Amino acid sequence: AWPFILRARAKGAKIVVITAASSVAEHMWETYDRAFADLGVTRHVHLHLQSRHEANDEAHIADVADADGIFMTGGDQKRLLAIIGGTALDAEMHAALKLRGACIGGTSAGASAMSGHMLAQGRAELHPEKGSVSLGAGLGFLHKVVIDQHFSERQRLSRLLSVVAQNPYLQGIGIDEDTALVVERGVGIEVLGEGAVTIVDGRWMSTNVAEIANHETPELIDVRLHLLPAGSRYAVPGA
């Protein structure tokens, strides 16, 4: 949480915590309330949205309109999108990022929802499988990527390869627990925390995925894999 606070203008920031992905929001809010308070943040607001009507409520939109940081907690990313996707709150979050440079962050389901294409459901065990994973529409703060989380801990490389095999225009991003990928427009990326970020790039691959049946393992040639441990940093050329 500390890197998020630094990018949200430090301890004087107003942080909005959105727990819409979770059905046990009050318990989750207690954890984040205590965590942000322990880090010295005095202005943190809880938005537990349970319906699209609430995500269009003017009072909730006003909370986001002057927020320095907006943080989405874990739970179910499909629930999160069903409640806030395409609402006035969604639009205000995009405005906060683009017009005011607010910091948008999330963990677990909140991280998966950040991209335009979102992992909706599915799993792949030992090997990638055609048709084992499905995508849905995400919030679109990042484009041409799909994000998976708890990555090394839950051994999700096969799952991410399954996505990239059928969607080679997307780069797969796997984020370990206790790890953050910071993306700053016009500046670059940085990995912080205890683990690593894995990037799967299939733009140059050749594959037979179009010819095989569902649940068969595709042939994947020349898939590029990048491992960025904590401390890795890459700047946009010229930045």
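This dialogue goes through the sheet, the cores, the salt bridges and one histidine of a predicted model.

Reader: What should be known about the numbering and the model before reading any values?

Author: Residues are numbered from 1 along each chain as its sequence is written, and side-chain values use heavy atoms, with hydrogens and water left out. The model is predicted, so local features need pLDDT of at least 70 and side-chain atom pairs count only at pLDDT 80 or more, while totals for chains, interfaces and linings use all residues.

Reader: How is a sheet read, and in what order do the strands of the open sheet stand?

Author: Strands of a sheet pair through backbone hydrogen bonds, either parallel or antiparallel. Helices (H or I, at least four residues) and strands (E, at least two) are DSSP runs numbered from the N terminus, and two strands pair if DSSP finds at least two bridges between them. Here 4 strands form an open sheet with parallel pairing, in the order 2-1-3-4. Strand 2 (43-47) and strand 4 (103-106) each have a single partner strand, so one side of each has no neighbour in the sheet. On average, neighbouring strands of this sheet are turned by 20° against each other, direction ignored; the axes are lines fitted to C-alpha atoms, for helices over the stretch in contact, and angles run from 0 to 180 degrees between N-to-C directions.

Reader: How many bridges join strand 1 to strand 2?

Author: Strand 1 (residues 14-18) runs parallel to strand 2 and is joined to it by 5 bridges. Val17 has His46 of strand 2 as its bridge partner.

Reader: How is a nonpolar core read, and which element gives the largest share of the largest one?

Author: In soluble globular proteins, nonpolar side chains tend to be buried together. A nonpolar core is a set of buried Ala, Val, Leu, Ile, Met, Phe, Trp, Tyr and Cys residues joined through side-chain atoms within 4.5 Å. Buried means under 20% relative accessible area, exposed over 50%, and partly exposed in between (1.4 Å probe, protein chains only). The largest core in this model has 34 residues, and Ile18, Ile70 and Ile84 are among those with the most contacts inside it. Helix 5 (77-84) is one of the elements that give two or more residues, and its 4 residues are the largest share. A second, separate core of 10 residues includes Phe151 and Val200.

Reader: What does Ile84 touch?

Author: With neighbours within four places in sequence left aside, Ile84 is in contact (heavy atoms within 4.5 Å) with residues including Leu49, Leu89, Met93 and Leu139.

Reader: How many salt bridges does the structure hold?

Author: A salt bridge is a side-chain nitrogen of Lys or Arg within 4 Å of a carboxyl oxygen of Asp or Glu. There are 8 in this structure. One of them joins Asp66 to Lys14, with the closest N and O atoms 2.6 Å apart. Asp66 lies in the loop between helix 4 (58-65) and strand 3 and Lys14 in strand 1, so the pair ties together parts 52 residues apart in sequence. Lys14 is buried at 8% relative accessibility, whereas Asp66 is partly exposed at 41%. Lys14, Asp63 and Asp66 are linked in a network of salt bridges.

Reader: Is His150 buried or exposed?

Author: His150 is buried, with a relative accessible area of 16%. His150 sits in the loop between strand 7 (145-149) and helix 8 (157-166). The side chain of His150 makes a polar contact with that of Glu177 at 3.0 Å. A polar contact is a pair of N or O atoms within 3.5 Å; within protein, one must be able to donate a hydrogen and the other to accept it, and residues adjacent in sequence count only if both atoms are side-chain atoms.
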